[in-house]
Amino acid sequence: MATATVIGLTVVLFAFSATIKLAGLRQSLEIRDHLGIAPDAWRTIGMIELAGAAGLLLGLAVWPPIGLVAAAGLVLVGSGATIAHRRVRDEAAPIATAVVAAALALASFALLASSP
């Protein structure tokens with residue numbers, strides 16, 4: 001039950017993040033510009049987040065190894081977001097959000113790795 005809950009939260013967080021990037025919502029574009037990330041790279045990050053969320057679901061429901069790969073990728077995405085926010089000296093809230101995303105992805109990885 002804990003595994004499904006943590007993975008579910010991770011999927012929702014990254015799917016939401018991917019959706020606002022890929023939809024080009026104004027707030028997302030403002031964040032992109034603030035972080036100094038190129039538009040193509042921003043869309044690519046959104047696609048990676050969406051693929052990671054889908055991979056986590058597949059890992060939970062069908063084949064755990066794909067979930068492990070997806071979770072590892074999302075840890076890297078969350079870590080990259082943390083670095084990007086630190087680089088521009090953002091306040092605590094955006095940095096904390098990125099850290100939480102990376103931590104959820106890491107917890108998903110650990111739970112999938114330890115499940116039978």
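**Helix packing and the nonpolar core**

L56 is buried, with a relative accessible area of 0%, and I would like to start from this residue, which is found in helix 3, and work outwards through a model that, I should say at once, is a predicted one.

If we leave out residues up to four places away in sequence, L56 touches I7, T10, V11, G67, A70, A71, L74, S108 and L112. One of these partners is I7, and although L56 and I7 are 49 residues apart along the chain, their C-alpha atoms are separated by 6.9 Å. Looking back from the other side, and again leaving aside neighbours within four places in sequence, I7 is in contact with L56, L60, S108 and L112.

That brings me to the core. Which residues of the largest nonpolar core touch the most other members? The core has 13 residues, and the ones that touch the most other members are I7, V11, F14, L56, L74, A105 and L112, so that both residues of the pair I have just described, I7 and L56, are on that list. At least two residues of this core are supplied by each of helix 1, which covers 2-23, helix 3, which covers 39-61, helix 4 and helix 5. The largest share, five residues, comes from helix 4. As general background, nonpolar side chains in soluble globular proteins tend to be buried together.

Let me turn now to how these helices are arranged, beginning with helix 1 and helix 3. These two pack at an angle of about 155 degrees, with their axes 8 Å apart, which means that helix 1 is roughly antiparallel to helix 3. Helix 1 passes helix 3 in a left-handed crossing. On the helix 1 side the contact is made by T3, A4, I7, T10, V11, F14, A15, S17, A18, K21 and L22, and on the helix 3 side by W42, R43, I45, G46, M47, E49, L50, A53, L56, L57 and L60. By class, this contact of helix 1 with helix 3 has 15 nonpolar, four polar and three charged residues.

One of the charged residues in that contact deserves a moment, and it is K21 of helix 1. Is K21 buried or exposed? At 10% relative accessibility, K21 counts as buried. Not counting residues up to four places away in sequence, K21 touches S28, W42, I45, G46 and E49. R32, which lies in helix 2, residues 26-35, is likewise buried, with a relative accessible area of 13%. Leaving aside its neighbours within four places in sequence, R32 is in contact with I37, A38, P39 and W42, and W42 is also among the residues that K21 touches.

Staying in helix 1 for one more residue, V6 has its place there, and V6 is buried, with a relative accessible area of 19%. Outside the four places on either side in sequence, V6 touches L104, A107, S108 and L111. V6 and A107 are 101 residues apart along the chain, yet their C-alpha atoms are separated by 7.2 Å.

The second pair of helices I want to show is helix 4, residues 64-87, and helix 5, residues 92-114, which pack at an angle of about 165 degrees with their axes 8 Å apart. That makes helix 4 roughly antiparallel to helix 5, and helix 4 passes helix 5 in a left-handed crossing. Helix 4 contributes G67, L68, A71, A72, L74, V75, G78, S79, A81, T82, H85 and R86 to the contact, while helix 5 contributes P94, I95, A98, V99, A102, A105, L106, S108, F109, L112 and A113. The residues of this contact divide into 16 nonpolar, six polar and one charged.

Finally, a word on the loop between helix 4 and helix 5, where R89 is found. Phi of R89 is near 60 degrees, a positive value in a residue other than glycine. For context, most residues other than glycine have a negative phi. R89 is exposed, with a relative accessible area of 72%, whereas R32 is buried.

Key: Residues numbered from 1 in each chain as written. Predicted model: local features only at pLDDT ≥ 70, side-chain atom pairs only at ≥ 80, totals over all residues. Heavy atoms only, no water. Axes fitted to C-alpha atoms, helices over the stretch in contact; angles between N-to-C directions. Helix = DSSP H or I, 4+ residues; strand = E, 2+ residues; numbered from the N terminus. Parallel < 35°, antiparallel > 145°, perpendicular 65-115°, else oblique. Left-handed = near helix turned anticlockwise from the far one by under 90°. Contact = heavy atoms within 4.5 Å. Nonpolar A, V, L, I, M, F, W, Y, C, P; charged D, E, K, R; others polar. Core = buried A, V, L, I, M, F, W, Y, C linked by side-chain atoms within 4.5 Å. Buried < 20%, exposed > 50% of the residue type's maximum accessible area, 1.4 Å probe, protein only.
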